[in-house]
Amino acid sequence: MKQRFIALLLAVCIACTMLVMPASASSANSAVQAAVMLGGLTSEQAAGPDAVLTRGQLAKLLAAFSPYRESAGAQGSAGTLFTDVGGDDPLAPAIRIAVSQGWMSGYTDGSFRPGNPVILEEACAAALNLLGYDVTTLSGTFPTAQLNKARELGLRDGIARSQGEGLTIADGALLLYNALTVPTANGEVYGSTLGFTVTGGQVDTASILLGNVQGPFVAEAGAQLPFAPAAVYRNGEAAASAELNEYDVYYYSENARTVWIYTRKAAGRITAVAPSASAPTSVTVAGTEYTIGSSQAATVLSSLNGGGVGQVVTLLLGMNNEVVRVLTGEAADQVFYGVVQNSARSLIEDDGADVRQSVTVACTDGVTRTVNVDKSLNFPAGLLVEITVTGDGEQVARVDARSVSGTFNENGTALGGTPLADGVEIIDTTAEGVAGAIRPSRLSGVTLQSGDVRYYTTNAAGEIDRLILDNVTGDLWTYGVLDDVRNLTSAAADVIDEQIGRPSGDVTLPGGTTTGSGNAAADVANIILPSTSDILYGIIDGSIASTLWDSLTSSTGSVASYVLRLAADNTTGAMSNILGWLGKGASYVCYINGESATLNTAVKYPVLAGGVAVSRSPSGTVKNMIQLMPVMIDKVGAASVMSGSTRYETADNMQVYLWYRGQYYPTTLAQVNPAEYHLIGWYDNLGCTAGNKIRVLVAVKKD
């Protein structure tokens with residue numbers, strides 16, 4: 001079990017079952033955690049990864065991700081290094097190593113300027129020096145040679161910065177974390193030269209750093225750690241407090257001065273144990289199967305009659321949601337809150353034919369639970385409910401809304417005047433029952449109105465510990481780009497032309513425009529929309545302004561008006577046939593997260609080209625499609641872009657595509673130099689309080 005724990009610590013943090021973190025965010029989080037464990041960052045710096053990376057901090061990261069990481073900490077005062085770095089400066093050992101090894105250098109005036117911010121090319125040059133790539137091995141001059149080589153090796157993967165832009169602490173950690181997986185100038189994988197295991201681009205640094213991890217332990221009331229930790233992770237996230245509460249599961253490493261605390265629980269009726277009741281390795285509770293991760297938990301289950309099948313229990317979950325302890329009796333009592341995703345009735349024949357209803361609920365702790373309820377009750381998707389688990393069984397009941405309003409502070413640690421608890425559980429929800437876990441930092445600076453909060457609870461200290469939002473972020477929509485829709489246009493035109501069976505004359509369209517090519521199919525094709533290229537270049541040259549986009553996306557309404565006008569004089573029933581076609585479904589070919597996808601819908605939606613937002617039910621059925629709003633981007637920043645004087649935040653999982661000759665090509669922001677491309681950002685204008693983020697960026701090369 002320890003091996004699985006160690007392998008996970010520096011990989012992607014435990015993903016919530018309702019919403020998977022984007023790959024870029026996961027990689028950055030892994031890199032920051034690795035930097036803490038290697039001594040390159042403190043836990044305080046890890047809690048603020050968006051802070052500016054300085055030259056002194058870069059030197060510390062370089063030393064931490066090098067063979068000198070242990071000697072850096074052992075060095076004492078060694079006299080003045082530079083005019084602005086004394087020998088007793090905490091950063092002095094790392095700066096001394098970075099300069100002596102040639103990774104960085106000081107200035108001709110005798111200063112090092114440790115507080116100066118670091119820009120992309122400076123950091124790339126230092127990382128390349130660390131890997132042994134000196135200027136004689138690079139093609140070109142600074143900074144182009146360094147930036148190109150860093151991109152070629154993969155050092156810039158996941159770093160959305162361009163030449164001249166400053167880096168954050170998270171960027172610096174990710175740059176050095178990426179270095180572990182790339183070849184040195186001698187052709188060796190760098191991480192392997194440090195003694196780490198590198199497999200498939202993943203680094204298992206924990207086998208060296210955390211060989212003495214202790215745990216799992218279950219905290220009793222008043223439990224204390226045997227040391228003061230420098231880094232604390234609660235449910236996989238950096239936390240400020242190492243306070244242990246009763247029934248918390250925790251692990252620690254004294255060498256790394258790090259503690260990992262888990263507060264997740266699973267509660268409900270046991271429906272299965274496997275492979276046997278006498279020697280169980282897994283247990284199914286409330287519809288979810290869990291791996292048993294401790295001998296104590298296995299012993300408790302095997303001691304219960306039939307492995308506990310039919311009994312109500314609470315499972316204390318540790319790393320990777322493995323069962324560490326099984327609680328029974330009053331200790332098993334729990335309450336969970338969430339939204340109904342679906343309910344279903346099925347036939348059972350245990351004691352004669354009957355009907356059983358099961359309700360699936362997405363809960364604030366990230367667990368989706370399935371509970372059997374009274375078959376006569378009604379639990380529609382999207383309903384706010386609580387699940388009560390006691391020794392007598394499980395109950396699901398609807399709860400009345402309980403709202404709160406206010407502004408999240410800059411650190412995402414308080415809402416209005418009410419602090420958020422460590423490990424606060426936040427989910428965003430939709431009316432269809434879709435739910436996704438939200439990090440508090442996602443809501444920093446956001447002002448919530450009372451209608452934005454469906455429910456919340458507080459703990460004994462008066463802190464908000466659960467928060468259920470009402471479609472606040474827009475993150476629950478699926479975003480992508482619509483492929484060229486000429487095919488859809490042609491299909492519509494062909495069907496209409498076939499039904500009408502005659503050429504068209506001049507037709508007055510809505511707004512007074514007159515058209516008439518002598519062919520109904522051609523007329524309809526021109527009315528529906530131009531090609532994707534026409535639209536993209538129309539946005540670039542300004543002929544399609546954002547203020548006109550809403551009217552442009554109502555083109556399907558123009559089609560219906562046109563058909564009705566043609567059918568008005570037709571007494572052969574063409575109108576009913578055509579309207580019947582318009583009411584049928586369609587297939588939309590999109591790119592979603594870089595992959596081609598075909599969305600089959602029950603009706604046609606007014607989407608034309610570029611960025612689109614797709615709303616789905618929990619089962620995946622498309623419920624709605626909306627056109628995103630386009631803006632021309634002038635400048636790309638760390639987590640935002642500028643369009644003229646207007647600033648737009650970018651989504652953490654913003655998708656980037658190159659458009660060339662009728663085809664989208666998935667790429668990354670690091671590969672797109674704003675000086676060489678027209679950049680079109682597509683942002684969600686769905687009315688979500690914390691929305692209006694750039695979800696898709698399309699680059700069109702300037703040639």
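Helix H6, which spans residues 92-100, is largely enclosed by the rest of the structure, because seven of its nine residues are buried. The structure described here is a predicted model. The buried residues of H6 are Ala92, Pro93, Ala94, Ile95, Arg96, Ile97 and Ala98. Residues count as buried when their relative accessible area is under 20%. After H6 comes Gly102, which has a positive phi near 80°.

A second helix, H8, covers residues 144-153 and contains Gln146. Is Gln146 buried or exposed? Gln146 has a relative accessible area of 7% and is therefore buried, since this value falls under the 20% cut-off. Leaving aside residues up to four places away in sequence, Gln146 touches Cys124, Ala125, Leu128, Val135, Leu138 and Thr141.

The report now turns to the sheets. Strands of a sheet pair through backbone hydrogen bonds, in either a parallel or an antiparallel manner.

One open sheet has five strands in the order S29-S28-S25-S30-S31, and its pairing is antiparallel. Strand S29 (595-601) and strand S31 (622-627) are at the edges; each has a single partner strand, so one side of each is left without a neighbour in the sheet. On average, neighbouring strands of this sheet are turned by 40° against each other, direction ignored.

Within this sheet, strand S25 (residues 478-482) is mostly covered, with four of its five residues buried. S25 pairs with strand S30 (residues 610-616) in the antiparallel sense over five bridges, and Thr478 stands opposite Val614 in S30. S25 is also joined to S28 by two bridges, again in an antiparallel arrangement; here Leu482 has Cys590 of S28 as its bridge partner. Strand S28 (residues 586-592) in turn pairs with S29 in the antiparallel sense through seven bridges, with Val589 opposite Thr598 in S29.

Another open sheet of five strands has the order S15-S14-S13-S16-S17, with antiparallel pairing. Its edge strands are strand S15 (368-373) and strand S17 (393-398), each of which pairs on one side only. The average turn between neighbouring strands of this sheet is 40°, direction ignored. Strand S16 (residues 384-390) and S17 run antiparallel and are joined by six bridges. Val385 has Arg398 in S17 as its bridge partner.

The table lists strand pairs from the two sheets.

| Strand pair | Bridges | Sense |
|---|---|---|
| S16 and S17 | six bridges | antiparallel |
| S28 and S29 | seven bridges | antiparallel |
| S25 and S30 | five bridges | antiparallel |
| S25 and S28 | two bridges | antiparallel |

The remaining topic is a pocket. The second largest pocket holds about 720 Å³ of space. Its lining consists of 29 residues, and those nearest its centre are Asn245, Asp248, Thr263, Lys265 and Asp465. Which strands each supply at least two residues of this lining? They include strand S13 (334-348), strand S20 (418-429) and strand S24 (464-470). S20 gives the most, with five residues. Strand S13 also belongs to the sheet with the order S15-S14-S13-S16-S17. By class, the lining of the second largest pocket has seven nonpolar, eight polar and 14 charged residues. Among the residues nearest the centre of this pocket, Asp248, Lys265 and Asp465 count as charged, whereas Asn245 and Thr263 count as polar.

Definitions and conventions. Residues numbered from 1 in each chain as written. Predicted model: local features only at pLDDT ≥ 70, side-chain atom pairs only at ≥ 80, totals over all residues. Heavy atoms only, no water. Buried < 20%, exposed > 50% of the residue type's maximum accessible area, 1.4 Å probe, protein only. Contact = heavy atoms within 4.5 Å. Pairing = 2+ DSSP bridges. Axes fitted to C-alpha atoms, helices over the stretch in contact; angles between N-to-C directions. 1 Å grid on protein atoms, 1.4 Å probe; cavity = no way out; pocket = protein on both sides within 12 Å on 5 of 7 lines; lining within 4 Å. Points joined across faces, edges and corners; volume = space filled by probe spheres on them.
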